[in-house]
Amino acid sequence: MSALRTAPAVVVGIDGSRAATHAALWAIDEAVKRDIPLRLVYVIDPSETSAAGGDGGRQSAARAALYEAYRAVDAMGRPVKIETEILRGRPLTKLMHESRSAAMLCVGSVGLNHVRRGRGSVAATLAGSALCPVAVILPDSGGPATPQVSEVVTEVDNGGVLRHAFEEARLRGVPVRAVAAHVAETPEDVEDGNRLAQAQLSRRLARWTRLYPDVRVESAIVRGSACRHLAANAKPGQLFVTDSRSAHELCGAYQAGCSVLTVRSANL
């Protein structure tokens, strides 16, 4: 049935977890901005045996999870069309298929806990391999029930990623913190590297600050890997925007108190 769908939607993977419902609430703004449906999907994996209730029990659990997520989204009172569907198959396979036509795919950073043996989580694999942008949303256990973004953090070495970062910052009404990295081996390298990195950062940001004059921009120079720096210094409410190739390196950030948006993008 989903193979016949050509209209785009913001797709959210639902599995009955609080994290999945949180991801659905986070995704509302994405669907409203694009004026497209918010599509909640629950995937039943036939290869997994049910502890009780058989297939009928699994169908009931799927319907209950979708209903709870639907009710949570509807309670926000936003002008968004909500669609729900139960799919059958491997969760990763089905969500990858959804990414072919989705405008964005959103999942919780916990939940969807179908960990593939020896190959990592569904969320991490989707973030690195899906055909559309993927948001992996981490609930802030000490924060508000409704998801909030305090700032968008990104690197500056990919124009496509920067475009998504500025779009998200404009949508959420928050600043962009742009990070550039350099490798320094001596004190002289630190000084020279900082100066060169700052010049490069300013040059790469110039285009985007002209295109998005309403978005406040902060910048930072870090040593070593920018991805590792971002993961090690994550704060609640941050959204990392990065290329999908960095998804596995940022897997640690999924537990560090921030959400991640990965995009498949050529450099601009």
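This passage walks through the overall make-up of the chain, one pair of packed helices and two buried loop residues.

The structure is a predicted model. Its protein chain is built from seven helices and 10 strands. Of the 268 residues in the protein chain, 49% are buried. Contacts across the sequence are a good place to start for a newcomer. Among contacts in the protein chain with a separation of 6 or more, 72% join residues 24 or more positions apart.

A helix pair comes next. Helix α3, spanning residues 91–98, packs with helix α4, spanning residues 122–129, at an angle of about 30 degrees, and their axes are 10 Å apart. Angles under 35 degrees count as roughly parallel, and α3 and α4 are therefore roughly parallel to each other. The crossing in which α3 passes α4 is right-handed. On the α3 side, the contact is made by L92, L95 and M96, while α4 contributes V122, T125, L126 and S129. Sorted by class, this contact of α3 with α4 comprises five nonpolar residues and two polar ones, with no charged residues.

Helix α3 also repays a look by itself. Its residues P91, L92, L95 and E98 are buried. When α3 is viewed down its axis, these buried residues fall within an arc of 120 degrees, so they line one face of the helix. What do the buried residues of α3 pack against? Their partners are the strands β1 (10–14), β2 (38–44), β3 (82–88) and β4 (104–108), together with helix α4. Two of these buried residues, L92 and L95, thus reappear from the contact with α4 described above.

Attention now turns to the loops. V156 sits in the loop between β6 (151–155) and α5 (159–172). Is V156 buried or exposed? With a relative accessible area of 4%, V156 is buried, since the cut-off for a buried residue is under 20%. Leaving out residues up to four places away in sequence, V156 touches L162, A178, V179, A180, L201, R204 and L205. One of these partners, L201, is 45 residues from V156 in sequence, yet the two are 6.5 Å apart in space, C-alpha to C-alpha.

A second loop residue, S244, is found between β9 (238–243) and β10 (259–263). S244 is buried as well, with a relative accessible area of 9%. Neighbours within four places in sequence aside, S244 is in contact with A127, G128, T262, V263 and R264.

Key:
Residues numbered from 1 in each chain as written. Predicted model: local features only at pLDDT ≥ 70, side-chain atom pairs only at ≥ 80, totals over all residues. Heavy atoms only, no water. Axes fitted to C-alpha atoms, helices over the stretch in contact; angles between N-to-C directions. Helix = DSSP H or I, 4+ residues; strand = E, 2+ residues; numbered from the N terminus. Parallel < 35°, antiparallel > 145°, perpendicular 65-115°, else oblique. Left-handed = near helix turned anticlockwise from the far one by under 90°. Contact = heavy atoms within 4.5 Å. Nonpolar A, V, L, I, M, F, W, Y, C, P; charged D, E, K, R; others polar. Buried < 20%, exposed > 50% of the residue type's maximum accessible area, 1.4 Å probe, protein only. Arc of directions from axis to C-beta.
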